[in-house]
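User: Please take a close look at one residue of this model and describe its setting in detail. From there, please widen the view to the strands and side chains of the surrounding fold.

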Amino acid sequence: QVQLVESGGGLVQAGGSLRLSCAASGSILKINTMAWYRRAPGKQRELVARITSGELTNYADSVKGRFTISRDNAKNTVYLQMNSLKPEDTAAYYCNADVVTTSLRYLEVWGQGTLVTVSS
């Protein structure tokens, strides 16, 4: 079994910064791509940023230049540094990972979500 636990969400004023963390634990052999998604009230879930095991990254156009995704493979952790936050960034943020378990199962795992609220 593999779990993802997010942390770092909260309330921040527009223009401020937050750093989200997501730590994976369990029977992990390897983690391939890790990503952050978000779902704003009344909207569909969208990809925010993705990072491969080789640390190639891609971002949603709406966050390019403001958000940075990174990972620490030794800690099985992915981060999302969010700067210059805007009210439209308000959403529940979810961590996602493609995991190979020690029993060689391939799993797509989701975290429980962390809420980010940006006030104007």
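Analyst: The account below begins with a single residue and then moves outward.

The model is a predicted one, in which local features need pLDDT of at least 70 and side-chain atom pairs count only at pLDDT 80 or more, while totals for chains, interfaces and linings use all residues. Residues are numbered from 1 along each chain as its sequence is written, and side-chain values use heavy atoms, with hydrogens and water left out.

The residue chosen is Thr77, which belongs to strand E8 (residues 77–82); helices (H or I, at least four residues) and strands (E, at least two) are DSSP runs numbered from the N terminus. Thr77 counts as buried because its relative accessibility is 8%; buried means under 20% relative accessible area, exposed over 50%, and partly exposed in between, with a 1.4 Å probe and protein chains only. Leaving aside residues up to four places away in sequence, Thr77 touches Cys22, Ala23, Met34, Ser70, Arg71 and Asp72, a contact being heavy atoms within 4.5 Å. Its side chain also reaches the backbone oxygen of Lys75 at 2.8 Å. This is a polar contact, meaning a pair of N or O atoms within 3.5 Å; within protein, one must be able to donate a hydrogen and the other to accept it, and residues adjacent in sequence count only if both atoms are side-chain atoms. Thr52, by comparison, is 25 residues from Thr77 along the chain, and the two C-alpha atoms are separated by 13 Å.

Thr77 stands opposite Asp72, and the strands E7 and E8 pair in the antiparallel sense over 6 bridges; two strands pair if DSSP finds at least two bridges between them. Together E7 and E8 form a hairpin with 4 residues between them. One residue of that turn is Asn76, whose phi is positive, at about 50°, although Asn76 is not a glycine. Asn76 is partly exposed, given its relative accessible area of 24%. Leu104 is likewise a non-glycine residue with a positive phi, of about 65°, and lies in the loop between E9 and E10. At 60% relative accessibility, Leu104 counts as exposed.

In a regular strand the side chains alternate between the two faces of the sheet. Along E7, Phe67, Ile69 and Arg71 point to one face and are buried, whereas Thr68, Ser70 and Asp72 point to the other and are not. E1 has a covered face formed by Val2, Leu4 and Glu6, and an uncovered one formed by Gln3, Val5 and Ser7. E1 and E3 pair in the antiparallel sense over 6 bridges, with Ser7 opposite Ser21 in E3.

The interior comes next. A nonpolar core is a set of buried Ala, Val, Leu, Ile, Met, Phe, Trp, Tyr and Cys residues joined through side-chain atoms within 4.5 Å. The largest such core has 31 residues, and those touching the most other members are Trp36, Val48, Phe67, Val78, Leu80, Met82 and Tyr93. Among the elements that give two or more residues to this core are E7 (67–72), E8 and strand E9 (91–101). E9 supplies the largest share, 5 residues. The contacts of Val48, with residues up to four places away in sequence not counted, include Trp36, Phe67, Leu80 and Tyr93.

Rings of Phe, Tyr and Trp (its six-membered ring) pair if their centres lie within 6.5 Å; planes under 30 degrees apart count as stacked, over 60 as edge-to-face and the rest as tilted. A search of the whole structure finds 1 aromatic pair. Its rings, those of Tyr37 and Trp110, have centres 5.0 Å apart and planes at 55°, so the pair is tilted. Tyr37 in strand E4 and Trp110 in strand E10 (residues 106–110) are 73 residues apart, so that the pair links distant parts of the chain. Tyr37 is buried, at 16% relative accessibility, whereas Trp110 is partly exposed at 29%. The charged end of Arg45 sits over the ring of Tyr37, 5.5 Å from its centre; a charge sits over a ring if NZ of Lys or CZ of Arg is within 6 Å of the ring centre and within 35 degrees of the ring normal. Arg19 lies over the face of Tyr79, at 4.0 Å from the ring centre.
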